[in-house]
Amino acid sequence: MSDRIHTLSGYFHEYQKSVADPENFWAKIADSFHWKKRWDKTLEWDFEGPDVKWFLNGKLNITENILERHLYTMGDKPAIIWEPNEPGDPNRIITYMELYEEVCRFSNVLVEKGVEKGDKVIIYMPMVPEAAIAMLACARVGAVHSVVFAGFSSNALADRIIDCKAKVVLTSDGNFRGKKKIPVKSVVDEALEHTDLIETMIVFQRTGQEVTMKEGRDFWWHEAIEGKSKSHEAVEMDSEDELFILYTSGSTGKPKGVVHTCGGYMIYSKYTFENVFQYTPGDVYWCTADVGWITGHSYIVYGPLLTGATTIMFEGVPTYPNPGRFWEIVDKYKVNQFYTAPTAIRALQVHGTEPIAPYKLDSLKVLGSVGEPINEEAWHWYHTHIGKTKCPIVDTWWQTETGGIMVSPLAGITPNKPAFATLPLPGVQLAIMDPEGKELKGNSVEGNLCIKFPWPGMIRTTYGDHDRCKQTYFAAYKGMYFTGDGVKRDHDGYYRILGRVDDVINVSGHRMGTAEVENAINEHPLVVESAVVGYPHPVKGQGIYAYVICDMSNRTEANLVNEIKASVTNMIGPIAKPDKIQIVPGLPKTRSGKIMRRILRKIAEGNMDSLGDTSTLLDPDIVDKIIAGRKE
Ligand code: WTA
């Protein structure tokens, strides 16, 4: 059944209903799902704890709502279309029936390996259908998956394994990405030198590259599924049982495990998918994210598959073998909804319109954007050259913590305004707060974005540390969820996201905590202290600028800079590598020893005229020295 809104007045009507009576609003939507047992109470909440429960005592398995639910009506419809890295290589089309069988087979493997309800399973896999199969099999047996983006380093992977106390890792031998063949299994092997929590590793063979298999611990995927039954009875889960943990960066050094639960996430990911993209049966939908991020969870796997949609998974990169690759895929599969990040648009914009020319792109109905603010220039380029001015753009604002899209146009329904995420979805009650904690009502205001009322897809806790969840999201403004983003509401009541107001930077749509990057830099033995800030970058949105105090003995600056970059790649992964590293003699600090990041940010941006008052610094001269050595 569909809960799709069709008109603008329908949107306003639904929105009003969702605010006037949220419980009945969501209960009605939840009633169209398959429950093993209906819930007793729709919502219990308190944002002080925080303690939020949706669909209390409801029993379900999310995979029954993906698989069994669609088997008889659309068993031979493609669920997943997989497009490989290399254009000429065979693709894979997996129907709902085949997906059901594969998920069941792999569920039986997990059971055989002793995986039980509540166990944590790490998925460290490239973009192959088995990554989605792995997620669904975990959900089916009641295990909690934690997908780790396969570009993270062995150290970052080990931290996550240890934090969630995982006992199984699902991985692949290697990964094809553009021109590169990347080792994957060996990264897991390195991570496992730091912990012996992992009892079982299952390795999907993708590249055929050499790997070492540890007897009794490591198994090949294709061998493990051999002879396994293609049916499996889905385990009964409570609405509030954990579905997955996904680690994300915050303003402190250590990534936190955002916990989502079965019932609410299921309802929210499907409802938002269907409404924002206006997916109608038969459409082919493509989201270019990686399953390692929340966008991949909610809008490659769960949202589309819960809707019975056809979802594309692409293994490669936008520029290989040439910058027309995305558009070739759009034409090849007659993609109707296309969802990507501004950084990808800007990276392609650099190549001009020539790579687009050979393609028709006439199947496209909706374009989407996610992960960072989209600048107006990129918006217009996307609209004109990809959407041929006939496709609405859904600029979707949301977060790992929100589980699904929160502020966005409904495609073709909400009038667009370039660079505006426009209006909140039904059920989303926003508040703009001033620094004193006062809510700014009315239009034409700017402040910090908060959410006043629970929604089903919201974060329940940060794994293993509930107080951290409270401090990070529910302490800044009493009784509200604080997003960490700045926002403006214009004269029409439309929302424009202005970017992070905390120490999180957004590099190519990926969240990076500055403290996390600093910790990685400080691992280098000659580094004394460092401070990292973001600065505007023409393609990445924000780049990483690191100011580093070093012991220069026996090193040239160039050597040191390379070693520091290597240290960050080793501690986190290449995505966190600073774009600019400036060796400095000192950092601007207050008399109480606090680094004045505001000044460092201005210098990185090149805004030297507006540094403000520097006279209160411990050593005001340091600012001139830093400016003199600034990296262009
Ligand atoms: C930013 C990604 C502006 C924002 C889904 C948020 C956006 C952070 C948008 C979450 C958008 C995401 N416009 N900014 N449409 N979408 N952001 O957890 O700063 O990886 O807080 O979730 O990305 O990043 P995350």
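## The largest cavity

Ser146, Val147, Val148, Phe149, Phe152, Arg160, Tyr247, Gly292 and Trp293 line the largest cavity of this structure, which is a predicted model. The volume of this cavity is about 50 Å³. Sorted by class, its lining holds six nonpolar residues, two polar residues and one charged residue.

A search through the whole structure gives three cavities of 30 Å³ or more. Such searches rest on a simple idea: a probe the size of a water molecule, rolled over the atoms, shows where empty space is left.

## The second largest pocket

The second largest pocket holds about 300 Å³ of space. It is lined by 14 residues, and Asp159, Gly253, Lys254, Pro255 and Glu516 are the closest to its centre. Two elements, helix 6 (154-164) and helix 15 (514-522), each give two or more residues to this lining. Helix 6 gives the most, with four residues.

By class, the lining of the second largest pocket divides into six nonpolar, two polar and six charged residues. For the largest cavity, the corresponding division is six nonpolar, two polar and one charged.

## The ligand and its surroundings

The ligand is surrounded by 17 residues, of which Asp395, Thr396, Thr400, Asp485 and Arg511 are the closest. The shell around the ligand is made up of six nonpolar, six polar and five charged residues.

Several side chains place a polar atom by an oxygen atom of the ligand. For arginine 511, an N or O atom of the side chain is 2.7 Å from a ligand oxygen. For glutamine 399, the distance from a side-chain N or O atom to an oxygen of the ligand is 2.9 Å. For asparagine 506, a polar side-chain atom lies 3.4 Å from an oxygen atom of the ligand. Taken alone, the ligand exposes 520 Å², and the protein buries 96% of that area. Helix 10 (294-307), strand 20 (393-396) and strand 25 (495-500) are the elements that give two or more residues to the shell.

## Backbone details

Most peptide bonds are trans, and most residues other than glycine have a negative phi. Two cis bonds can be described here. One is the peptide bond from glycine 49 to proline 50, with omega near -15°. Proline 50 sits in the loop between strand 1 (41-46) and strand 2 (51-56). Another is the peptide bond from tyrosine 320 to proline 321, which is cis with omega near -5°. Proline 321 belongs to the loop that runs between strand 17 (310-314) and helix 11 (325-333).

Lysine 334 has a positive phi, near 50°, although this residue is not glycine. Lysine 334 is placed in the loop between helix 11 and strand 18 (337-340).

## Domains listed in the record

UniProt, in an unreviewed entry, lists three domain features that are taken here in chain order. The feature "domain: Acetyl-coenzyme A synthetase N-terminal" is placed by UniProt at residues 11-65. In the model, this span is 35% helix and 25% strand, and its end C-alpha atoms lie 25 Å apart. For "domain: AMP-dependent synthetase/ligase", UniProt gives residues 68-454. Residues 68-454 are 30% helix and 23% strand, with 30 Å between the end C-alpha atoms.

The feature "domain: AMP-binding enzyme C-terminal" is placed by UniProt at residues 516-594. Over residues 516-594, the chain is 28% helix and 32% strand, and the end C-alpha atoms are 17 Å apart. Glu516, one of the residues closest to the centre of the second largest pocket, is at the start of this listed span.

Terms used
Residues are numbered from 1 along each chain as its sequence is written. This is a predicted model: local features need pLDDT of at least 70, side-chain atom pairs count only at pLDDT 80 or more; totals for chains, interfaces and linings use all residues. Side-chain values use heavy atoms; hydrogens and water are left out. On a 1 Å grid over the protein atoms alone, a cavity is a set of points where a 1.4 Å probe fits but cannot get out, and a pocket is an open set with protein on both sides within 12 Å along at least five of seven lines; lining residues have an atom within 4 Å of a point. Grid points are joined across faces, edges and corners, and a volume is the space filled by probe spheres set on the points. Ala, Val, Leu, Ile, Met, Phe, Trp, Tyr, Cys and Pro count as nonpolar, Asp, Glu, Lys and Arg as charged, and the others, Gly among them, as polar. UniProt positions are given in the numbering used here, feature names are shortened, and annotations may be inferred rather than shown by experiment. A residue is near a molecule or strand if one of its heavy atoms lies within 4 Å of it. A polar contact is a pair of N or O atoms within 3.5 Å; within protein, one must be able to donate a hydrogen and the other to accept it, and residues adjacent in sequence count only if both atoms are side-chain atoms. Accessible areas come from the Shrake-Rupley method with a 1.4 Å probe; for residues, only the protein chains shown count as cover.
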